[in-house]
Amino acid sequence: MKIFEKWVRPGIAELKPYRSARDEFGGSAAVLLDANENSLGDGLGRGLNRYPDPRQRELKKALAKIKGIPPEQIFLGNGSDEAIDLLLRIFAEPGKERVILTPPTYGMYEVCAAVNGLECLKIQLDSRFQPRVKEILAAADQRTKLLFLCSPNNPTGNCMERERVRDLLNGFNGIVVLDEAYIDFSPEKSWLPELGRHPNLVILQTLSKAWGLAGLRVGMAFAAPEIIFFLNKIKFPYNLNSISQKLALQALRKNTAEKAVKQLILNRQTLIEKLRGLKLVEEVFPSDANFLLVRFRNVTAVFAHLLKRGIIVRDRSGQPGCAGCLRVTVGSAPENELLIQVLKEMEEK
Ligand SMILES: *Cc1c(COP(=O)(O)O)cnc(C)c1O
């Protein structure tokens, strides 16, 4: 516990968390008159008059089995965005401390840091979209508490080389948040089995992508029990609603991700080949995720044309290293075909 206590904000280390009425109680009681719920029911017959399990025990048990990580090393949040926000609040003092980001990358790290009054030190990925280890370690000082890495990276689609991640984990004197939102689409292995070797590592995953449950808002953080302890300590007691807990559990039990991931990887390959055959397309970057970063010859016109035809993609051309680039999610086969057809139309004009 010691190593973390020196990193945790003093106010958080001392904080006594809110305890819900049922926190202490593990069994199943016949009469629940402790939480001022509506004893007559929810009017829908779904048991929603009861507060959800604040510790999400069943869901964590199922995840523990799938991921090979014990429940005390799992935090569940209202999307992984919740974990990002809570980690910043645990480890960095507003107005005083700072975090390192490696653009081009996921936008929420910067938004959450700003909301928490933290300065962002940006050290751009190199020309192959890999982290510059020496520069990052040289820039990190006493005030630099967290480093965010995303692998596979959004929006570039590539994985961070293991050697580099390892050097950062060993060399960075603070928390390394490794966002693996897209890891199920990648041939690279997750860093989950390495958790025991790196007490400063927090791995983020989500049910929003491979599991197809973006609407449920279920994100996961995996870390040393000491870090999970603080995440649980400062989260809102009922951060994951009962419907999300229940449906997530159903999806995990049915192993719904496997088939979808296989299909999307096939669709990704087809889409890459078709895009590479277009004159409008300058470059399709390799992808370990369920999206492609694509460089176009006339990105503004392409974006506008797609929009006009009802196809929305993400313009990433303003991001460092991404001039002329759109980020395109791999769709269903008919969606991908329509995209190619609309792009071909534009070439013929
Ligand atoms: C989509 C995405 C997430 C998922 O966020 P949720 O809040 O769990 O939906 C996390 N990180 C990255 C990099 C993403 O692209």
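1. In this predicted model, four strands form an open sheet in the order E8-E9-E11-E10, and their pairing is antiparallel. Strand E8 (281–284) and strand E10 (314–315) are the edge strands, each of which pairs on one side only. Within this sheet, strand E9 (residues 291–296) is joined to strand E11 (residues 325–329) by 5 bridges, in the antiparallel sense. One residue pair that can be inspected here is Leu-293 with Arg-327, its bridge partner in E11.

2. Strand E6 (residues 201–206) takes part in pairings of both senses. With strand E5 (residues 175–179), E6 pairs in the parallel sense over 4 bridges; Val-176 stands opposite Leu-201 of E6. With strand E7 (residues 219–222), E6 runs antiparallel, and 4 bridges join the two. In this second pairing, Gln-205 faces Met-220 of E7.

3. The burial of E6 deserves a separate remark. The strand is mostly covered, as 6 of its 6 residues are buried. Leu-201, Ile-203 and Gln-205 point to one side of E6, while Val-202, Leu-204 and Thr-206 point the other way; residues of both sets are buried. Gln-205, a buried residue of the first set, is also the one that stands opposite Met-220 in E7.

4. The ligand site may be considered next. The ligand is surrounded by 14 residues, and the closest are Ser-80, Asp-179, Tyr-182, Ser-208 and Lys-209. By class, the shell comprises 5 nonpolar, 5 polar and 4 charged residues.

5. Several polar side chains approach the ligand. In the side chain of Asp-179, an N or O atom is 2.6 Å from a nitrogen atom of the ligand. Tyr-182 places a polar side-chain atom 2.6 Å from a ligand oxygen atom, and for Arg-217 the corresponding distance from a polar side-chain atom to an oxygen atom of the ligand is 2.7 Å. Of the 390 Å² of accessible area that the ligand has on its own, the protein covers 94%.

6. Is Asp-85 buried or exposed? This residue is found in helix H4 (residues 80–91). Asp-85 counts as buried because its relative accessible area is 16%, which is under the 20% limit. Its side chain makes a polar contact of 2.6 Å with the side chain of Arg-89. When neighbours within four places in sequence are set aside, Asp-85 is in contact with Cys-112 and Asn-116.

7. Arg-98 is a second charged residue to examine, and its place is in strand E2 (residues 98–101). Arg-98 has a relative accessibility of 9% and therefore counts as buried, the limit being under 20%. A polar atom of its side chain lies 3.0 Å from the backbone oxygen of Ala-139. Beyond its neighbours within four places in sequence, Arg-98 is in contact with Glu-119, Leu-121, Ala-139, Asp-141, Arg-143, Thr-144, Lys-145 and Leu-146.

8. Where does Val-31 lie? The residue is in the loop between helix H2 (10–14) and helix H3 (57–67). Val-31 is classed as exposed because its relative accessible area is 58%, a value over the 50% limit. Between the C-alpha atoms of Val-31 and Gly-331, which are 300 residues apart along the chain, the separation is 49 Å.

Key: Residues are numbered from 1 along each chain as its sequence is written. This is a predicted model: local features need pLDDT of at least 70, side-chain atom pairs count only at pLDDT 80 or more; totals for chains, interfaces and linings use all residues. Side-chain values use heavy atoms; hydrogens and water are left out. A residue is near a molecule or strand if one of its heavy atoms lies within 4 Å of it. A polar contact is a pair of N or O atoms within 3.5 Å; within protein, one must be able to donate a hydrogen and the other to accept it, and residues adjacent in sequence count only if both atoms are side-chain atoms. Accessible areas come from the Shrake-Rupley method with a 1.4 Å probe; for residues, only the protein chains shown count as cover. Buried means under 20% relative accessible area, exposed over 50%, partly exposed in between (1.4 Å probe, protein chains only). Contact means heavy atoms within 4.5 Å. Two strands pair if DSSP finds at least two bridges between them.
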